[in-house]
Structures are given as structure tokens and as C-alpha cells.
Amino acid sequence: MMAIEFAIFLMQNIELLHAEIYLLPCACRLLIFVRVCVLGLFLAWRISHPNNDALWLWFMSVVCEVWFAFSWLLDQLPKFCPLNRATDLNVLKDKFETPNPCNPTGKSDLPGIDIFVSTADPEKEPPLVTANTILSILAADYPVEKLSCYVSDDGCALLTFEAMAEAASFANLWLPFCRKHDIEPRNPESYFSLKRDPYKNKVRSDFVKDRRRLKREYDEFKVRINSLPDSIRRRSDAYNAAREQINAMKIQRETGNDEPLENVNIPKATWMADGTHWPGTWIVASPEHSRGDHAGIIQVLFC
């Protein structure tokens, strides 16, 4: 008895973190009621008309039909009184961000969240899409010190690494803008592609100025991301050429050969984000290394 009273006391004194929103009646209820009536009439007809030639088979089929009808009915009953549950932000703030005996300073007591974003091929998974995903995660309405995002790149591509560096730089502008003006959605590409009026329900006088500046910065950000493949390829070719030229000159000095150097055959190479040389290339296949023919590598970047 005391346990029941204690449970009732807890239920009366613990505030729920969500609010129940009951949906208005709809035609779905009438349709379910009609189906239940038709199903009841069908089962009544089946029971009242047995098959005397195969009584055991008729009995088994009726049992199965009654069981399936009962299962369907259990599935439909919650739809007679549908409801949604929405997080009550005020209760959440009072519980986790208000000074109390367990949290005297009032510092956010929400649990820490680690989010992993996996990628492998920058051609099949464009870096701009990955960058937008990272930006939308980092801009979530959650305490900054409690939220961490990790990018797991199985391809260990330099393109992904530099795209994430650009995303981290753009995040310094995008995140304050989202929190200052309560922007939704928080994916830059989705937000700037909205068809509805972006100025609706915005009361701050500096919103128009901030949005125009962010739109210009985002367009420049997209141009930098889309130009990374050519930029990396040019830098890699130049680095490979200089490296092979230096090696050829070193070999010439060691052998004492005074003949002028011929054109050095520069093999294609992939350079990982940590500077490690990988023979062959992911983008262009070579005889020894076909595209994607390498052992799995996991590189985790912290954002």
C-alpha cells in the first residue's frame, strides 16, 4: 500500500518533459468503424456457415481469421484517440538549466551527445552535402559544450579533409546567425532554398542585413568547396613533379652522371590528409591500383 502511495506521490510531483497534444477527430475514425463492422459481419457469416465436408479445416481457418482480426483490432484501437508528444522546453530548462540543490550554478546539466557522420567516397557523397550535414548538426539548439560531431572518412581523402576545414570556418558565421535569429531549418542549403518568405515572423531589425551577408558568404563557401578537386589535383601534381625531380637529381649525383636529366615520368599518386603517400590514385585508376582497391582506413576528424 505504501509503495502505491509513493508511486502516486512521484507521479504528482514529477513534471513530464513532454506535452501531449490530442489530434482533432478525423474521417479516419469513421473508416475504422466501418471496417470493424464489415469484419464483424464477415466473421459472423463464417461461423454460422460451417463446411461439413471438411469441418476440421473450416475450424482451423476460422480460428486463424479470428486471431488476425483481433490483432488488426489491437493495431487500430490507438488510432481512435491519436495524439502527438512535443517536448516542453520550459520544463526542460527548469529541470536542467535552473539553479537547484543538485546544480547550484545553474550550468546546463543536459547529457553530452557525440554524433558520428560517416563518408567514404567524395564523388558519390559530394563534400558539399557532407559539409551541410555537419553544419546542421553543429547548429542544433543544444549547449555547445555538450555537443560533439565526428566525421569518419573511410576513404581518408584529402578532398574531404579540406572541405571539412572550410565547413569549420563557415560555421563561425553560420552558428551565431542561427542562434541569434532562431533559423529553421539549420541546413544552409535547405534554408536558402526555401520557397516561403524568409522574413516572416522576424522582428529583429538587423535580420535582413545578416541574412544577405550570410547568403553571400554561403555562395562563396560553395564556390570554394566545388573548386577543391581541381585545386588539390594541381597541388598534388606540382608536389609529385618536384618530388620526382629531386629524387632524380639525387640519383644523378650519387652515380656521378653528368648527362642532362630527361623528362621524369611522374606516377599518379594520392596524398592522404596526414601527408602519407599512397601509390595510385582514388580518382584516376592506375595499373597497379584500381579505383577503391586499398585496405580500409578510418580517419576521424573532430569538429
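This report walks through the salt bridges of the structure above and one nonpolar patch on its surface.

The model is predicted, so local features need pLDDT of at least 70 and side-chain atom pairs count only at pLDDT 80 or more, while totals for chains, interfaces and linings use all residues. Residue numbers run from 1 along each chain as its sequence is written, and side-chain values use heavy atoms, leaving out hydrogens and water.

## Salt bridges

Searching the whole structure turns up eight salt bridges. To count as one, a side-chain nitrogen of Lys or Arg has to sit within 4 Å of a carboxyl oxygen of Asp or Glu. Here are some of them:

| Pair | Closest N and O atoms |
|---|---|
| Arg46 and Glu65 | 3.1 Å |
| Lys180 and Asp210 | 3.1 Å |
| Asp219 and Lys215 | 3.1 Å |

Let's start with Arg46 and Glu65, which form a salt bridge. This pair links distant parts of the chain, 19 residues apart: Arg46 belongs to helix α2 (residues 27-48) and Glu65 to helix α3 (residues 55-76). Helices here are DSSP runs (H or I, at least four residues), numbered from the N terminus. Arg46 is buried at 16% relative accessible area, whereas Glu65 is partly exposed at 25%. For these words, buried means under 20% relative accessible area, exposed means over 50%, and partly exposed is in between (1.4 Å probe, protein chains only).

Next up is the salt bridge between Lys180 and Asp210. Lys180 is in helix α6 (residues 158-181) and Asp210 is in helix α8 (residues 207-255), so the pair ties together parts 30 residues apart in sequence. Lys180 is partly exposed, with a relative accessible area of 38%, but Asp210 is buried, at 11%. There's a third partner too: Asp206 joins Lys180 and Asp210 in a network of salt bridges.

The Asp219 and Lys215 pair stays within helix α8, with the two residues four apart, about one turn of the helix. Both ends get a similar label: Asp219 is partly exposed at 30% relative accessibility, and Lys215 is partly exposed at 29%.

## A nonpolar patch

Now for the surface. Trp67, Phe68, Phe70, Leu73, Leu74 and Leu77 make up a nonpolar patch there, with about 650 Å² of accessible area together. Such a patch takes residues with over 30% relative accessible area and no salt bridge, and joins nonpolar side chains (Val, Leu, Ile, Met, Phe, Trp, Tyr) within 5 Å. The areas come from the Shrake-Rupley method with a 1.4 Å probe, and for residues only the protein chains shown count as cover. One of the patch members, Leu73, lies in helix α3 and is partly exposed, with a relative accessible area of 31%.

Notes:
Patch = residues over 30% accessible without salt bridge, like charges linked within 9 Å, V, L, I, M, F, W, Y side chains within 5 Å.
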